[in-house]
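Work through the following exercises with the structure open beside you, and try each task before you read its solution.

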Amino acid sequence: MALRADDIIDRRRLRRKLTFWRVATLLVAAIAIAVFAYWAFGDTVPGTGRNHIAQVSIEGTIVEDEELIDRLESIGKSEAVKGVILTIDSPGGTTAGGEAIFEAVRSLAEKKPVTAQVGTLAASAGYMIASATDHIVARKSSIVGSIGVLVQYPDLTGLMEKLGIGLESIKSSPLKAEPSPFNPTTEPERQMIRAMILDSYDWFVGLVTERRPLSREEVLALADGSVFTGRQALKLKLVDAVGGEDVAIEWLKEQGVDPGLEVIEWKKKGSGNFLLAQSMMRAIAGAIGLPSSGGDLIRDLGGDRIFLDGLLSLWQPETAAGRD
(Lines give C-alpha, C1' and ligand atoms only; values in the text may rest on other atoms or scores of the structure.)
Protein backbone atom coordinates (compact mmCIF):
# COMPACT_ATOMS: atom_id res chain seq x y z
CA MET A 1 0.00 0.00 0.00
CA ALA A 2 2.86 2.38 0.82
CA LEU A 3 4.43 1.81 -2.59
CA ARG A 4 1.13 2.38 -4.35
CA ALA A 5 0.67 5.69 -2.47
CA ASP A 6 4.18 6.78 -3.42
CA ASP A 7 3.47 5.94 -7.06
CA ILE A 8 0.31 8.05 -6.98
CA ILE A 9 2.18 11.00 -5.47
CA ASP A 10 4.97 10.70 -8.06
CA ARG A 11 2.45 10.59 -10.90
CA ARG A 12 0.69 13.69 -9.62
CA ARG A 13 4.00 15.53 -9.35
CA LEU A 14 4.92 14.47 -12.87
CA ARG A 15 1.51 15.60 -14.17
CA ARG A 16 1.90 19.02 -12.54
CA LYS A 17 5.38 19.43 -13.99
CA LEU A 18 4.17 18.42 -17.45
CA THR A 19 1.28 20.90 -17.28
CA PHE A 20 3.66 23.65 -16.16
CA TRP A 21 6.05 23.08 -19.05
CA ARG A 22 3.19 22.90 -21.55
CA VAL A 23 1.87 26.27 -20.39
CA ALA A 24 5.39 27.70 -20.31
CA THR A 25 5.96 26.52 -23.89
CA LEU A 26 2.73 28.20 -25.00
CA LEU A 27 3.73 31.49 -23.36
CA VAL A 28 7.21 31.37 -24.89
CA ALA A 29 5.67 30.70 -28.31
CA ALA A 30 3.30 33.64 -27.85
CA ILE A 31 6.18 35.95 -26.96
CA ALA A 32 8.17 34.69 -29.94
CA ILE A 33 5.24 35.42 -32.27
CA ALA A 34 4.90 38.93 -30.83
CA VAL A 35 8.62 39.65 -31.19
CA PHE A 36 8.70 38.30 -34.74
CA ALA A 37 5.61 40.33 -35.70
CA TYR A 38 7.11 43.54 -34.31
CA TRP A 39 10.44 42.86 -36.03
CA ALA A 40 8.86 41.95 -39.36
CA PHE A 41 6.04 44.45 -39.50
CA GLY A 42 6.93 47.31 -37.22
CA ASP A 43 4.01 49.48 -36.14
CA THR A 44 1.79 48.66 -39.12
CA VAL A 45 -0.91 46.80 -37.25
CA PRO A 46 -2.26 44.81 -40.21
CA GLY A 47 1.09 43.08 -40.57
CA THR A 48 2.49 44.68 -43.69
CA GLY A 49 5.09 47.33 -44.35
CA ARG A 50 4.14 47.74 -47.99
CA ASN A 51 1.93 50.53 -49.32
CA HIS A 52 -1.78 49.81 -48.96
CA ILE A 53 -5.25 51.22 -48.39
CA ALA A 54 -6.29 50.93 -44.75
CA GLN A 55 -9.80 49.74 -43.96
CA VAL A 56 -11.34 50.27 -40.50
CA SER A 57 -14.67 48.77 -39.43
CA ILE A 58 -16.89 50.81 -37.13
CA GLU A 59 -19.74 48.57 -36.07
CA GLY A 60 -22.40 48.31 -33.42
CA THR A 61 -23.11 50.76 -30.63
CA ILE A 62 -20.82 53.76 -30.56
CA VAL A 63 -19.21 54.77 -27.28
CA GLU A 64 -16.00 56.60 -26.44
CA ASP A 65 -13.47 54.11 -27.79
CA GLU A 66 -9.88 55.00 -26.95
CA GLU A 67 -8.53 51.94 -28.76
CA LEU A 68 -10.26 52.95 -32.01
CA ILE A 69 -9.05 56.54 -31.67
CA ASP A 70 -5.48 55.31 -31.09
CA ARG A 71 -5.80 53.05 -34.14
CA LEU A 72 -6.91 55.99 -36.31
CA GLU A 73 -3.96 58.02 -35.01
CA SER A 74 -1.58 55.15 -35.90
CA ILE A 75 -3.03 55.01 -39.41
CA GLY A 76 -2.41 58.73 -39.78
CA LYS A 77 1.23 58.26 -38.79
CA SER A 78 1.87 55.24 -41.03
CA GLU A 79 3.72 56.10 -44.23
CA ALA A 80 2.53 52.83 -45.76
CA VAL A 81 -1.12 53.92 -45.68
CA LYS A 82 -2.04 55.89 -48.79
CA GLY A 83 -5.80 56.07 -48.30
CA VAL A 84 -8.45 55.03 -45.78
CA ILE A 85 -11.89 53.42 -46.04
CA LEU A 86 -14.13 53.53 -42.97
CA THR A 87 -16.68 50.72 -43.18
CA ILE A 88 -19.61 51.85 -41.05
CA ASP A 89 -22.51 49.71 -39.84
CA SER A 90 -23.94 51.32 -36.72
CA PRO A 91 -27.28 52.52 -35.32
CA GLY A 92 -25.43 55.19 -33.35
CA GLY A 93 -24.71 55.46 -29.66
CA THR A 94 -23.62 58.15 -27.25
CA THR A 95 -23.30 61.67 -28.60
CA ALA A 96 -19.99 62.14 -26.78
CA GLY A 97 -18.66 58.89 -28.27
CA GLY A 98 -19.64 60.03 -31.76
CA GLU A 99 -18.00 63.40 -31.15
CA ALA A 100 -14.70 61.84 -30.06
CA ILE A 101 -14.51 59.56 -33.10
CA PHE A 102 -15.66 62.38 -35.40
CA GLU A 103 -12.72 64.51 -34.27
CA ALA A 104 -10.30 61.59 -34.70
CA VAL A 105 -11.53 61.02 -38.27
CA ARG A 106 -11.19 64.72 -39.11
CA SER A 107 -7.63 64.67 -37.77
CA LEU A 108 -6.90 61.61 -39.93
CA ALA A 109 -8.47 63.25 -42.99
CA GLU A 110 -5.96 66.09 -42.71
CA LYS A 111 -3.20 63.55 -43.40
CA LYS A 112 -4.81 60.95 -45.71
CA PRO A 113 -7.80 60.83 -48.07
CA VAL A 114 -10.63 59.20 -46.09
CA THR A 115 -13.92 57.84 -47.42
CA ALA A 116 -16.82 56.14 -45.65
CA GLN A 117 -18.52 53.05 -47.05
CA VAL A 118 -21.87 52.45 -45.39
CA GLY A 119 -23.10 48.89 -44.97
CA THR A 120 -26.58 48.17 -43.63
CA LEU A 121 -26.81 51.20 -41.37
CA ALA A 122 -25.21 54.56 -40.60
CA ALA A 123 -27.70 56.37 -38.39
CA SER A 124 -27.44 59.04 -35.72
CA ALA A 125 -23.89 59.01 -34.29
CA GLY A 126 -23.04 56.48 -37.03
CA TYR A 127 -23.92 59.08 -39.66
CA MET A 128 -22.11 61.73 -37.63
CA ILE A 129 -18.90 59.72 -38.00
CA ALA A 130 -19.53 59.09 -41.72
CA SER A 131 -19.92 62.84 -42.25
CA ALA A 132 -16.44 63.37 -40.80
CA THR A 133 -14.97 61.75 -43.94
CA ASP A 134 -14.60 63.64 -47.22
CA HIS A 135 -16.73 61.20 -49.23
CA ILE A 136 -19.62 58.92 -48.27
CA VAL A 137 -20.61 55.84 -50.25
CA ALA A 138 -23.76 53.89 -49.31
CA ARG A 139 -25.58 50.88 -50.67
CA LYS A 140 -28.82 51.64 -52.47
CA SER A 141 -30.70 49.94 -49.64
CA SER A 142 -28.55 51.20 -46.74
CA ILE A 143 -30.30 53.05 -43.93
CA VAL A 144 -28.88 56.55 -43.49
CA GLY A 145 -29.75 59.57 -41.37
CA SER A 146 -31.67 59.84 -38.08
CA ILE A 147 -30.00 63.14 -37.28
CA GLY A 148 -31.00 63.96 -33.74
CA VAL A 149 -30.46 63.49 -30.01
CA LEU A 150 -32.54 61.88 -27.27
CA VAL A 151 -32.61 61.04 -23.58
CA GLN A 152 -34.68 58.14 -22.31
CA TYR A 153 -35.51 57.03 -18.80
CA PRO A 154 -38.16 54.68 -17.40
CA ASP A 155 -41.04 55.64 -15.12
CA LEU A 156 -41.25 53.07 -12.33
CA THR A 157 -43.65 54.98 -10.13
CA GLY A 158 -46.67 52.83 -11.05
CA LEU A 159 -44.78 49.62 -10.34
CA MET A 160 -43.46 50.96 -7.05
CA GLU A 161 -46.97 51.94 -5.98
CA LYS A 162 -48.27 48.45 -6.73
CA LEU A 163 -45.43 46.89 -4.75
CA GLY A 164 -45.83 49.30 -1.88
CA ILE A 165 -42.32 50.73 -2.29
CA GLY A 166 -41.52 54.35 -1.52
CA LEU A 167 -38.34 56.37 -1.97
CA GLU A 168 -37.18 59.17 0.29
CA SER A 169 -34.45 61.55 -0.87
CA ILE A 170 -32.72 64.58 0.61
CA LYS A 171 -30.90 66.78 -1.90
CA SER A 172 -29.32 70.19 -2.21
CA SER A 173 -31.68 71.47 -4.92
CA PRO A 174 -34.86 70.35 -6.70
CA LEU A 175 -33.16 69.44 -9.98
CA LYS A 176 -30.36 67.38 -8.44
CA ALA A 177 -30.37 63.80 -9.85
CA GLU A 178 -33.48 64.52 -11.92
CA PRO A 179 -35.27 63.23 -13.88
CA SER A 180 -35.52 60.02 -11.87
CA PRO A 181 -37.41 56.80 -12.63
CA PHE A 182 -38.55 56.74 -9.00
CA ASN A 183 -40.77 59.83 -9.07
CA PRO A 184 -42.93 61.61 -11.67
CA THR A 185 -41.08 64.07 -13.89
CA THR A 186 -41.90 67.72 -13.24
CA GLU A 187 -42.09 70.45 -15.87
CA PRO A 188 -38.87 72.19 -14.70
CA GLU A 189 -37.07 68.84 -15.06
CA ARG A 190 -38.43 68.40 -18.58
CA GLN A 191 -37.34 71.92 -19.50
CA MET A 192 -33.82 71.28 -18.18
CA ILE A 193 -33.40 68.08 -20.19
CA ARG A 194 -34.99 69.58 -23.29
CA ALA A 195 -32.61 72.56 -23.18
CA MET A 196 -29.66 70.17 -22.98
CA ILE A 197 -30.98 68.05 -25.87
CA LEU A 198 -31.64 71.08 -28.09
CA ASP A 199 -28.14 72.40 -27.48
CA SER A 200 -26.60 69.09 -28.57
CA TYR A 201 -29.04 68.88 -31.48
CA ASP A 202 -27.97 72.36 -32.63
CA TRP A 203 -24.34 71.24 -32.46
CA PHE A 204 -25.10 68.05 -34.44
CA VAL A 205 -26.94 70.03 -37.14
CA GLY A 206 -23.95 72.38 -37.32
CA LEU A 207 -21.58 69.45 -37.93
CA VAL A 208 -23.69 68.13 -40.80
CA THR A 209 -24.05 71.63 -42.28
CA GLU A 210 -20.28 72.08 -42.14
CA ARG A 211 -19.50 68.69 -43.68
CA ARG A 212 -22.21 68.31 -46.34
CA PRO A 213 -23.06 70.48 -49.39
CA LEU A 214 -26.25 71.65 -47.70
CA SER A 215 -27.45 74.88 -46.11
CA ARG A 216 -28.47 74.90 -42.47
CA GLU A 217 -32.10 75.24 -43.53
CA GLU A 218 -31.78 72.16 -45.75
CA VAL A 219 -30.17 70.17 -42.93
CA LEU A 220 -32.87 71.23 -40.47
CA ALA A 221 -35.52 70.00 -42.91
CA LEU A 222 -33.84 66.56 -42.88
CA ALA A 223 -32.89 66.52 -39.20
CA ASP A 224 -36.26 65.48 -37.82
CA GLY A 225 -35.07 61.96 -36.94
CA SER A 226 -36.01 60.55 -40.37
CA VAL A 227 -34.01 57.75 -41.94
CA PHE A 228 -33.48 57.32 -45.67
CA THR A 229 -32.34 54.65 -48.09
CA GLY A 230 -29.01 55.11 -49.80
CA ARG A 231 -30.78 56.15 -52.99
CA GLN A 232 -32.84 58.76 -51.14
CA ALA A 233 -29.78 59.96 -49.24
CA LEU A 234 -27.92 60.49 -52.52
CA LYS A 235 -30.70 62.74 -53.85
CA LEU A 236 -30.77 64.62 -50.54
CA LYS A 237 -26.96 65.05 -50.60
CA LEU A 238 -26.46 63.14 -47.37
CA VAL A 239 -24.14 60.76 -49.26
CA ASP A 240 -22.00 61.26 -52.34
CA ALA A 241 -22.38 57.95 -54.21
CA VAL A 242 -24.08 54.59 -54.10
CA GLY A 243 -22.14 51.35 -54.28
CA GLY A 244 -19.59 49.36 -52.35
CA GLU A 245 -15.88 49.24 -51.72
CA ASP A 246 -15.06 49.51 -55.43
CA VAL A 247 -16.81 52.89 -55.61
CA ALA A 248 -14.92 54.06 -52.52
CA ILE A 249 -11.64 53.00 -54.13
CA GLU A 250 -12.58 54.87 -57.31
CA TRP A 251 -12.88 58.06 -55.25
CA LEU A 252 -9.51 57.39 -53.63
CA LYS A 253 -8.08 57.05 -57.14
CA GLU A 254 -9.32 60.57 -57.88
CA GLN A 255 -7.35 61.71 -54.82
CA GLY A 256 -4.14 60.26 -56.25
CA VAL A 257 -4.22 56.87 -54.52
CA ASP A 258 -3.16 53.88 -56.63
CA PRO A 259 -6.37 51.80 -57.05
CA GLY A 260 -4.24 48.67 -57.40
CA LEU A 261 -3.08 48.86 -53.79
CA GLU A 262 -4.29 46.09 -51.52
CA VAL A 263 -7.04 46.96 -49.04
CA ILE A 264 -5.97 45.73 -45.61
CA GLU A 265 -8.14 45.89 -42.52
CA TRP A 266 -6.62 47.48 -39.45
CA LYS A 267 -8.33 45.43 -36.77
CA LYS A 268 -8.74 46.06 -33.10
CA LYS A 269 -5.54 45.33 -31.20
CA GLY A 270 -5.50 41.79 -29.90
CA SER A 271 -8.32 40.71 -32.23
CA GLY A 272 -6.16 38.07 -33.87
CA ASN A 273 -4.40 39.64 -36.85
CA PHE A 274 -0.92 38.31 -36.24
CA LEU A 275 -0.26 39.00 -32.57
CA LEU A 276 -1.43 35.89 -30.74
CA ALA A 277 -3.26 34.80 -33.89
CA GLN A 278 -5.92 32.33 -32.86
CA SER A 279 -5.24 29.74 -35.51
CA MET A 280 -1.51 29.78 -34.79
CA MET A 281 -2.06 29.62 -31.05
CA ARG A 282 -4.47 26.70 -31.40
CA ALA A 283 -1.94 24.85 -33.53
CA ILE A 284 0.77 25.41 -30.93
CA ALA A 285 -1.56 24.38 -28.12
CA GLY A 286 -2.50 21.19 -29.96
CA ALA A 287 1.14 20.38 -30.62
CA ILE A 288 2.01 20.50 -26.92
CA GLY A 289 -1.06 18.63 -25.76
CA LEU A 290 -3.31 21.46 -24.60
CA PRO A 291 -6.95 21.76 -25.76
CA SER A 292 -7.01 23.44 -29.15
CA SER A 293 -10.74 23.87 -29.67
CA GLY A 294 -13.85 24.93 -27.86
CA GLY A 295 -13.34 28.66 -27.66
CA ASP A 296 -10.77 31.40 -27.32
CA LEU A 297 -7.52 30.38 -25.67
CA ILE A 298 -7.29 33.87 -24.21
CA ARG A 299 -10.67 33.54 -22.52
CA ASP A 300 -13.39 36.05 -23.20
CA LEU A 301 -15.30 35.93 -19.94
CA GLY A 302 -18.76 36.24 -21.41
CA GLY A 303 -20.40 39.01 -23.38
CA ASP A 304 -20.41 42.30 -21.55
CA ARG A 305 -23.55 44.30 -22.09
CA ILE A 306 -23.05 47.85 -23.21
CA PHE A 307 -24.85 50.46 -21.16
CA LEU A 308 -25.14 53.87 -22.73
CA ASP A 309 -25.02 56.75 -20.28
CA GLY A 310 -25.71 60.33 -21.29
CA LEU A 311 -27.14 61.97 -24.40
CA LEU A 312 -27.81 59.48 -27.17
CA SER A 313 -27.59 59.75 -30.91
CA LEU A 314 -29.14 56.39 -31.52
CA TRP A 315 -31.62 54.96 -34.02
CA GLN A 316 -34.08 52.32 -32.83
CA PRO A 317 -32.88 51.59 -29.27
CA GLU A 318 -34.04 48.10 -28.28
CA THR A 319 -34.84 48.89 -24.65
CA ALA A 320 -35.43 51.97 -22.56
CA ALA A 321 -33.06 53.66 -20.16
CA GLY A 322 -30.46 54.34 -22.83
CA ARG A 323 -29.44 50.76 -23.58
CA ASP A 324 -28.90 49.53 -27.12
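**Exercise 1.** In which helix is Leu159 found? Then decide how exposed Leu159 is, and say what surface feature it helps to make.

*Solution.* Begin with the position in the chain, bearing in mind that this is a predicted model: Leu159 is found in helix H5, which covers residues 157-163. Next, take the relative accessible area of Leu159, which is 49%. Since exposed means over 50% and buried means under 20%, Leu159 is therefore classed as partly exposed. Finally, look at the surface, where Leu159, Leu163 and Ile165 make a nonpolar patch of about 300 Å².

**Exercise 2.** How many salt bridges does the structure hold? Find which parts of the chain are linked by the one between Arg50 and Glu262.

*Solution.* The structure holds 8 salt bridges, and one of them is formed by the side chains of Arg50 and Glu262, with 2.6 Å from N to O. This pair links distant parts of the chain, the two residues being 212 residues apart. Arg50 lies in the loop between helix H1 (2-41) and strand E1 (52-62), while Glu262 lies in the loop between helix H9 (245-254) and strand E8 (263-265). As a last step, compare the accessibilities with the limits of 20% and 50%: Arg50, at 48%, counts as partly exposed, and Glu262, at 40%, counts as partly exposed as well.

**Exercise 3.** Is Arg211 buried or partly exposed? Identify its salt-bridge partner Asp134 in the model, and place both residues along the chain.

*Solution.* Arg211 forms a salt bridge with Asp134, and their closest N and O atoms are 2.7 Å apart. Here too the pair links distant parts of the chain, 77 residues apart, with Arg211 in helix H6 (residues 187-211) and Asp134 in the loop between helix H4 (125-131) and strand E4 (136-138). Because the relative accessible area of Arg211 is 18%, Arg211 is buried, whereas Asp134, with 35%, is partly exposed.

**Exercise 4.** Where do Arg190 and Glu187 lie, and how many residues apart are they? Afterwards, look for salt bridges that share partners.

*Solution.* Both Arg190 and Glu187 lie in helix H6, 3 residues apart, which is about one turn of the helix. Their side chains meet in a salt bridge of 3.7 Å, taken from N to O. Arg190 is partly exposed at 45% relative accessibility, and Glu187 is partly exposed at 44%. Turning to shared partners, one network is formed by salt bridges that join Arg106, Asp134 and Arg211.

Methods:
Residues numbered from 1 in each chain as written. Predicted model: local features only at pLDDT ≥ 70, side-chain atom pairs only at ≥ 80, totals over all residues. Heavy atoms only, no water. Salt bridge = Lys/Arg side-chain N within 4 Å of Asp/Glu carboxyl O. Helix = DSSP H or I, 4+ residues; strand = E, 2+ residues; numbered from the N terminus. Buried < 20%, exposed > 50% of the residue type's maximum accessible area, 1.4 Å probe, protein only. Patch = residues over 30% accessible without salt bridge, like charges linked within 9 Å, V, L, I, M, F, W, Y side chains within 5 Å. Areas by Shrake-Rupley, 256 points an atom, 1.4 Å probe, with all protein chains shown as cover.
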